[in-house]
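Morning, everyone. I have one structure to walk through today. Let me put it up.

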Amino acid sequence: MLGVLHSLIQELIFENISLDYRILPGRPVNGIAVVDGDKSISHRSIMFGALADGVTKISRILEGEDVLATIGAFRKMGVEISRDEEFYLVHGVGINGLAKPDSLLDMGNSGTAFRLMAGILAGQPWQATMGGDTSLSGRPMGRIIRPLTEMGAKIEAENEMPPLTILPNNQLKGIHYEMPIASAQVKSAILLAGLYAEGETVVREPAPTRDHTERMLSGFGYSIKRYGDLRDHVSIAGGGGLAACDIEVPADLSSATFFILSALISSDSELHLPNVGINPSRNGVLGVLQRMGANIVLQDQREVGGESVADLIVKSSLLQGVSLNHTDIALAVDEIPAIAVAAACAEGVTEISGAEELRVKESDRIATTVSGLKALGADVTEKPDGMVIQGGSLKGGRVESHGDHRIAMAFAIAGNVASSEVHVSDVGCVATSFPGFYDLSQRVGLNISIS
Ligand code: S3P
């Protein structure tokens, strides 16, 4: 039954029919929540597998639209990517083996795929054009165009936004780059161009951001150095090669966050979330929620393929307001909409500052989170770099997702604790990062339907 419904949803999305979630409140959530694979690691496993020598075997990859777009782009560049029951197999072509695509590379909704890919394309001896959907076409690319151009890349783009045409490269040269913003996407784009550059490329970040690129390049046998007081300098020398490896993708903490939120704010609830990635450079949400008084226990912490994972047990909790600054934001950059919903259900005031980067995500997430909270009657004030939320309770209402998957999911969960029905509009976007969200929501007990 769920399978049939799932394909129906896919068909409606395909036909561009806008779908809404309808959530009736008041259910406890319970059971085991197996969350889809990590999006950041899934993108990188395809990319690095494609550039490696040999066959990379990936288990539990995220089959969301974003990652499928990355797979499509590499197939267009001559990489064979096959799938059997359990694994994706990427038949690597070696660092210099990509073929010129014969049409535009469509990266869909994904800023991560687009920016990392720009770093790879900057090193190719042929020209390629990359584009994306309406949301991606409005996102700033100057942040990668500037350093890549400094390395010798030739990039054409109107108003520094997609589409981007990357002209054939002469020879990139290594640079020392002080990043003006904390962004793992920018860091990764420069490091990937560094694979093709003469000499050493060094990137320094203003605050630690997720380090999957560094860990995974090491896993693929590429030497990468990290130094500085905060290990905030990353350096790579061009001219090496990557060796294929096996990758087990952990459950995505960013996706798990919606179910963590559901157990925390719903009464009589307890969820077990197995095998969740808790990489310290992006697990800030756990610390923030624990500071709010969340009952989250991490069991059996272990290393799988160079990434930390754990099984999480989350129980209903009385939450308190909290203050978040820019360091918290860098470590929990994708989790702020969910944290904001938690704050609206907490006692006391939550102040979120230093979050200006949220304005250039899949939507302006400061504005879309604030308007969603207001639609459900929360007392919230927007600031240029964040928001102030007075905790209390939520009422029923209609929330616009603005085509942003994380806004859609955060407010679907909020629906379970509102005083009456909540509608979340235009939720097809959820398939970009968490195609299993709807089924899993029903399985843990939420009264959610699609209209
Ligand atoms: C990501 C980095 C983050 C995050 C995105 C995934 C990555 O973006 O928002 O969802 O995989 O590198 P920024 O590094 O630009 O903040």
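**The ligand and its surroundings**

Start at the ligand: one of its oxygen atoms sits 2.7 Å from a side-chain N or O atom of S40. This is a predicted model, so keep that in mind throughout. R44 also reaches an oxygen of the ligand, with a polar side-chain atom at 2.7 Å. Q185 does it through the backbone: an N or O atom there is 3.1 Å from a ligand oxygen. How much of the ligand's accessible area does the protein cover? On its own, the ligand has 380 Å², and the protein covers 95% of that.

Now the full shell. Around the ligand we find S40, R44, T112, S183, A184, Q185, R210, V333, D334 and K361. By character, that is four charged, four polar and two nonpolar residues. Which helices supply at least two shell residues each? α2, residues 39–51, and α6, residues 184–194, both do.

**Two domains**

Step back to the chain. Its division is into domain 1, 2–38 + 251–450, and domain 2, 39–247. Their centres, taken over C-alpha atoms, are 28 Å apart. At the contact between them, 26 residues of domain 1 meet 24 residues of domain 2. Where does the ligand shell fit in? Each domain gives at least three residues to the shell.

**Two residues to look at**

First up, N109. Find N109 in the loop between β6 (105–106) and α4 (111–121). Buried or exposed? N109 has a relative accessible area of 7%, and the cut-off for buried is under 20%, so N109 is buried. The N109 side chain makes a polar contact of 2.9 Å with the side chain of D133. Leaving out residues up to four places away in sequence, N109 touches D66, D133, S135, L136, R139, E362, H405 and T432.

Next, T350. This residue is part of strand β20, residues 349–352. T350 has a relative accessibility of 0%, so T350 counts as buried too. What does the T350 side chain have 3.2 Å from one of its polar atoms? The backbone nitrogen of V322. V322 is also among the residues that T350 touches, again leaving out those up to four places away in sequence. The others are M292, G321, A343, M387, V388 and I389.

To recap: both domains contribute to the ligand shell, N109 is buried in its loop, and T350 is buried in β20. Over to you for questions.

How values were computed. Residues numbered from 1 in each chain as written. Predicted model: local features only at pLDDT ≥ 70, side-chain atom pairs only at ≥ 80, totals over all residues. Heavy atoms only, no water. Near = heavy atom within 4 Å. Polar contact = N/O pair within 3.5 Å; in protein donor to acceptor, adjacent residues only side chain to side chain. Areas by Shrake-Rupley, 256 points an atom, 1.4 Å probe, with all protein chains shown as cover. Helix = DSSP H or I, 4+ residues; strand = E, 2+ residues; numbered from the N terminus. Nonpolar A, V, L, I, M, F, W, Y, C, P; charged D, E, K, R; others polar. Domains from an automatic or database assignment. Buried < 20%, exposed > 50% of the residue type's maximum accessible area, 1.4 Å probe, protein only. Contact = heavy atoms within 4.5 Å.
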